[in-house]
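User: Please take a close look at one part of this model, its interior packing. Go through it piece by piece, and give the cut-offs behind each term.

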Amino acid sequence: MKEVYSGKNFGKSGFSGEKLKMLILDFILMTGLLILDQVTKYLALTRLKGTSGIVLIEGVLELQYVENTGMAFSLFQQKKVLILLLGFLLLAVILFVLFRLPEQKKFRVTHLLLAAVIAGALGNMIDRIRFDFVVDFIAFVLIDYPVFNVADCYIVVSAVVLFFIFMFVYKDEDLEFLSRKRKKAVE
């Protein structure tokens, strides 16, 4: 894949107008999803805490207030600093990929999925910093699945879709933008 920077590049940043538009859209989506996550956690904290929960679908889906001091599936309980460091590392990797994504139309979905992962990671990191735990409240009781939250949904669904996109849609040459050895622009 050859990168050619046209005269339409935005300032010295190397972002074209189209790439800047996508990054702004990513930021708007991420902000909206983050707000939704925080509002749902606030509602769980104020309406579910201290209750026995709310049954949405008998034997299938309930709302239950849980304070999770660990990560996914309650791993690393009481390891706040480690979890936050891993979160910041994950954010750095995602931002690296996001800023390097080519402007081609086939990468727009990837932009949006990465924005959703960022929103989920930030939502859970905000909880850890504010409360020393993450507010979980969605209980899929049909299979006794661990209680989770909206941010977890963003992360898991986006990660699964990204996995399939990277495995079955993109070709090796589509992913050259991730290489440290970027090809020089051809003029």
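Analyst: **Packing around the third helix**

The protein has four helices and five strands (DSSP runs numbered from the N terminus: H or I of at least four residues for helices, E of at least two for strands). Along the sequence, the order is β-β-α-β-β-α-α-β-α. The model is predicted, so local features need pLDDT of at least 70 and side-chain atom pairs pLDDT 80 or more, while totals for chains, interfaces and linings use all residues. Numbering starts from 1 along each chain as its sequence is written, and side-chain values use heavy atoms, without hydrogens or water.

Start with the whole chain. Of its 187 residues, 36% count as buried (under 20% relative accessible area; exposed is over 50%, partly exposed in between, with a 1.4 Å probe and protein chains only). Take the contacts with a separation of 6 or more: 69% of them join residues 24 or more positions apart (contact: heavy atoms within 4.5 Å).

Now the core. The largest nonpolar core has 34 residues (buried Ala, Val, Leu, Ile, Met, Phe, Trp, Tyr and Cys joined through side-chain atoms within 4.5 Å). Leu 114 and Phe 137 touch the most other members. Helices H1 (17–48), H2 (80–100), H3 and H4 and strand S5 each give two or more residues to this core. H3 gives the largest share, nine residues. Leaving aside residues up to four places away in sequence, Leu 114 touches Ile 94, Val 97, Leu 98, Leu 101 and Leu 162.

Next, the partners of H3. H3 (residues 108–131) packs against H4 (residues 150–169) at about 150°, with the axes 8 Å apart (axes are fitted to C-alpha atoms over the stretch in contact; angles run from 0 to 180 degrees between N-to-C directions). That angle makes H3 roughly antiparallel to H4 (over 145 degrees; under 35 is roughly parallel, 65 to 115 roughly perpendicular, the rest oblique). The crossing of H3 and H4 is left-handed (the near helix is turned anticlockwise from the far one by less than a right angle; clockwise is right-handed). On the H3 side, the contact residues include Leu 113, Leu 114, Val 117 and Gly 120. On the H4 side, they include Ile 155, Ser 158, Leu 162 and Phe 166. By class, this contact of H3 with H4 has 14 nonpolar, four polar and one charged (nonpolar: Ala, Val, Leu, Ile, Met, Phe, Trp, Tyr, Cys and Pro; charged: Asp, Glu, Lys and Arg; polar: the others, Gly among them).

H1 is another partner. H1 and H3 pack at about 40°, and their axes are 8 Å apart. The two are therefore oblique to each other. Their crossing is right-handed. The contact of H1 with H3 holds 16 nonpolar, four polar and seven charged residues.

Then comes S5. Val 135 sits in strand S5 (residues 134–140). Val 135 is buried because its relative accessibility is 0%. Its contacts beyond four places in sequence are Lys 41, Ala 44, Leu 45, Tyr 65, Val 66, Asp 127 and Asn 149. Gln 38 is 97 residues from Val 135 in sequence, yet 9.5 Å from it in space, C-alpha to C-alpha.

Finally, the loops. Asp 132 lies in the loop between H3 and S5. Its phi is near 70°, a positive value in a residue other than glycine. Asp 132 counts as partly exposed, at 46% relative accessibility. Asp 144 is in the loop between S5 and H4, with phi near 55°, also positive. Asp 144 is exposed, at 69% relative accessible area. Most residues other than glycine have a negative phi.
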